[in-house]
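I opened this model to keep a record of what I looked up, one topic at a time. The entries below are in the order in which I made them.

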Amino acid sequence: MNILDKIIADKRIEVRLKKEIIPVSQLEQSVLFDRPGNSLAIALKNSSTGIIAEHKRRSPSKAVINQKVSVQDVANGYTIAGACGMSVLTDGKYFGGSLDDLLLARATTDIPLLRKEFIIDPYQVIEAKAYGADVILLIAAVLTREEITSLSQLAKSLDLDVLLEVHNSEELEKSIMPSIDMLGVNNRNLKTFDVSIQVSKELSTAIPDDFVKVSESGISTIEAIKELQPYGYKGFLIGENFMKTEVPGDSAVNFINELQQ
Ligand SMILES: O=C(O)c1ccccc1NCC(=O)[C@H](O)[C@H](O)COP(=O)(O)O
């Protein structure tokens with residue numbers, strides 16, 4: 001079993017248990033449930049830099065990245081840096097994240113927040129809204145077209161943006177639908193962990209112009225972004241490059257300043 005299959009198998013158990021502990025009716029009572037969404041797609045369209053900065057403590061491909069910084073400091077730093085949005089990993093077992101991280105980020109910043117999660121069930125979309133997300137991630141590699149349709153339509157009904165992630169042309173073809181706002185090309189193969197921005201370049205022409213294009217993973221230089229912009233990319237999801245430093249917010253400030261020059 002590859003790591004992605006393991007993550008999804010664990011996620012199915014986690015979601016089944018969570019539904020028994022916190023029913024949907026309780027999630028819907030969250031004060032954040034009626035909060036209007038702050039669109040990441042619009043922020044990216046209007047930005048010349050397009051950085052989506054991620055909070056990521058650890059990952060299957062890099063055991064420990066940063067266990068020391070507080071999510072509030074990171075959210076504050078990314079906001080000061082002028083990031084278009086912040087991605088918050090909420091998976092506990094493989095990434096050391098939590099829904100509390102999302103809540104604390106929400107309490108700290110008004111910039112669009114992406115719930116970075118392995119979403120396989122409508123319950124997790126409702127949970128994302130209840131904990132303050134503005135955007136959900138759907139990963140084409142683990143969902144059928146029918147699941148992508150129903151999960152993305154639910155998200156839209158809750159005023160959440162949808163970032164759909166693909167890694168190859170088959171995943172892209174099955175995912176094109178009007179309830180998707182942004183198409184993210186993951187430069188990391190989630191089964192082998194190989195990373196190459198060439199993947200974003202190769203898939204770019206197959207992405208229809210009505211979707212905001214986002215390049216995800218393995219981005220650590222200004223040059224990589226300058227290389228990807230001519231392919232139509234407006235968003236750049238960066239995790240490890242910021243989080244591996246002592247003060248991720250300061251690294252984001254320097255990076256975004258340099259990108260603007
Ligand atoms: O990062 C991993 O090792 C990973 C492994 C398996 C599934 C997902 C994984 N990462 C999630 C992400 O999409 C990245 O955190 C995100 O794109 C940022 O990537 P990076 O800038 O390379 O940290």
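My notes go from the overall fold to single elements, then to the ligand shell and a few individual residues.

**Entry 1: the model and its annotation.** I note at the outset that this is a predicted model. I looked up the UniProt record, an unreviewed entry, and it lists residues 4-246 as "domain: Indole-3-glycerol phosphate synthase". Over residues 4-246 I read 40% helix and 17% strand, with the end C-alpha atoms 29 Å apart.

**Entry 2: the barrel.** In which order do the strands close into a barrel? I found eight strands in the order 1-2-3-4-5-6-7-8, with parallel pairing. The twist from one strand to the next averages 25 degrees. For my own reference I add that strands of a sheet pair through backbone hydrogen bonds, either parallel or antiparallel.

**Entry 3: strands 2 and 3.** I followed one pairing in detail: strand 2, residues 85-89, runs parallel to strand 3, residues 113-116, and four bridges join them. Along this pairing I saw Ser 87 opposite Leu 114, and Val 88 opposite Arg 115. I then asked which residues of strand 3 lie on each of its sides. Leu 113 and Arg 115 are on one side, Leu 114 and Lys 116 are on the other, and all of them are buried, so that both faces of strand 3 are covered.

**Entry 4: strand 6.** I turned next to strand 6, residues 182-186, where five of the five residues are buried, and I therefore regard this strand as largely enclosed by the rest of the structure. Met 182, Gly 184 and Asn 186 point one way from the strand, whereas Leu 183 and Val 185 point the other way. Strand 5, residues 161-166, pairs with strand 6 in the parallel sense over four bridges, and in this pairing Glu 165 stands opposite Gly 184.

**Entry 5: helix 5.** Why do I call helix 5 largely enclosed by the rest of the structure? Seven of the ten residues in this helix, which spans residues 99-108, are buried, and that is the reason. The buried ones are Leu 99, Asp 101, Leu 102, Leu 103, Leu 104, Ala 105 and Thr 108. I checked what these buried residues pack against and found strand 1 (51-55), helix 4 (71-81), strand 2, strand 3 and helix 6 (122-130).

**Entry 6: the ligand shell.** I listed 18 residues around the ligand, and of these Ser 59, Ser 61, Ser 217, Gly 239 and Glu 240 come nearest. By class, the shell divides into seven nonpolar, seven polar and four charged residues. Strand 8 (233-238) and helix 11 (240-243) each supply at least two residues of this shell.

**Entry 7: Ala 155.** Is Ala 155, in helix 7 (residues 145-157), buried or exposed? I counted 27 C-beta neighbours inside 10 Å, and the cut-off for burial is 20 or more, so Ala 155 counts as buried. Leaving aside residues up to four places away in sequence, Ala 155 touches Val 125, Ile 136, Leu 160 and Val 162. I also took the C-alpha separation between Ala 155 and Ile 126, which is 7.9 Å for two residues that are 29 residues apart along the chain.

**Entry 8: Gly 50.** I located Gly 50 in the loop between helix 3 (40-45) and strand 1, where it is buried because 27 other C-beta atoms lie within 10 Å. Its contacts, not counting residues up to four places away in sequence, are Leu 44, Cys 84, Lys 234, Gly 235 and Phe 236. Between the C-alpha atoms of Gly 50 and Leu 164, which are 114 residues apart along the chain, I read a separation of 17 Å.

**Entry 9: positive phi values.** Most residues other than glycine have a negative phi. I therefore wrote down two residues other than glycine in which phi is positive: Asp 159, with phi near 65 degrees, and Phe 193, with phi near 70 degrees. Asp 159 is found in the loop between helix 7 and strand 5, and Phe 193 lies in the loop between strand 6 and helix 9 (198-204). Asp 159 has 14 C-beta neighbours inside 10 Å and so counts as partly exposed. Phe 193, with 14 such neighbours inside 10 Å, also counts as partly exposed.

Note on methods:
Residues are numbered from 1 along each chain as its sequence is written. This is a predicted model: local features need pLDDT of at least 70, side-chain atom pairs count only at pLDDT 80 or more; totals for chains, interfaces and linings use all residues. A residue is near a molecule or strand if its C-beta atom, placed from the backbone, lies within 6 Å of it. Ala, Val, Leu, Ile, Met, Phe, Trp, Tyr, Cys and Pro count as nonpolar, Asp, Glu, Lys and Arg as charged, and the others, Gly among them, as polar. A residue is buried if 20 or more other C-beta atoms lie within 10 Å of its own, exposed if 12 or fewer, and partly exposed in between; C-beta atoms are placed from the backbone. Two residues are in contact if their C-beta atoms, placed from the backbone, lie within 7 Å. UniProt positions are given in the numbering used here, feature names are shortened, and annotations may be inferred rather than shown by experiment. Two strands pair if DSSP finds at least two bridges between them. Axes are lines fitted to C-alpha atoms, for helices over the stretch in contact, and angles run from 0 to 180 degrees between N-to-C directions.
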